[in-house]
Amino acid sequence: TRTGEGLPPRTAAEWEAGGDDGVGRPEDDALFEELRVLRRRIAEREGVPAYVIFHDATLREMAVSRPATLGEFLGVGGVGERKLEKYGEEFLALIRRAVRR
């Protein structure tokens, strides 16, 4: 992956633009799927489509960069102040659990 090659993780915009930088790490793929499940639960709770919560590209960036703080979470493409405040703690809790495994 890019991070394994000393490159920064892809941004949300790069994910949405398409292309592949190689096979993802299995742990990133597993976390991405867990993030999608959480996003779906939140979307159902709020009665909105899942993409309104976060786009897949944003979830992929979270899975690769694994932010540990609210400040790092805010640095993920597709996360603004409003979504940070609304969803940050739930997503960070999931990411933290995944990192500990």
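Residues are taken as buried when their relative accessible area is under 20%, as exposed when it is over 50%, and as partly exposed in between. In this predicted model, glutamate 27 has a relative accessible area of 41% and is therefore classed as partly exposed. Glutamate 27 forms a salt bridge with arginine 25, in which the closest N and O atoms are 3.6 Å apart. Arginine 25 likewise counts as partly exposed, because its relative accessibility is 28%.

Aspartate 28 lies in helix H2, which spans residues 26-46. With a relative accessibility of 5%, aspartate 28 falls under the 20% cut-off and so counts as buried. When residues up to four places away in sequence are set aside, aspartate 28 touches Ala63, Val64 and Arg66.

Helix H2 also contributes to a salt bridge between glutamate 34 and arginine 101, for which the closest N and O atoms are separated by 2.8 Å. This pair links distant parts of the chain, since glutamate 34 belongs to helix H2 whereas arginine 101 is found in the segment after helix H6 (81-100), the two residues being 67 residues apart. Glutamate 34, at 25% relative accessibility, is not under the 20% limit and therefore counts as partly exposed, while arginine 101, at 64%, is over the 50% limit and so counts as exposed.

A further salt bridge is formed by glutamate 90 and arginine 45, with the closest N and O atoms 3.1 Å apart. Here too the pair links distant parts of the chain, with glutamate 90 located in helix H6 and arginine 45 in helix H2, 45 residues apart. The relative accessible area of glutamate 90 is 30%, which means that this residue is partly exposed, whereas arginine 45, with a relative accessibility of 52%, passes the 50% limit and is accordingly counted as exposed. Salt bridges that share partners join Arg25, Glu27, Asp28 and Arg66 into one network, and this network thus includes the buried aspartate 28 together with the partly exposed glutamate 27 and the partly exposed arginine 25. Arg66, another member of the network, is also among the residues that aspartate 28 touches. Over the model, the count comes to 9 salt bridges, including the pairs glutamate 27 with arginine 25, glutamate 34 with arginine 101, and glutamate 90 with arginine 45.

Terms used:
Residues numbered from 1 in each chain as written. Predicted model: local features only at pLDDT ≥ 70, side-chain atom pairs only at ≥ 80, totals over all residues. Heavy atoms only, no water. Helix = DSSP H or I, 4+ residues; strand = E, 2+ residues; numbered from the N terminus. Buried < 20%, exposed > 50% of the residue type's maximum accessible area, 1.4 Å probe, protein only. Contact = heavy atoms within 4.5 Å. Salt bridge = Lys/Arg side-chain N within 4 Å of Asp/Glu carboxyl O.
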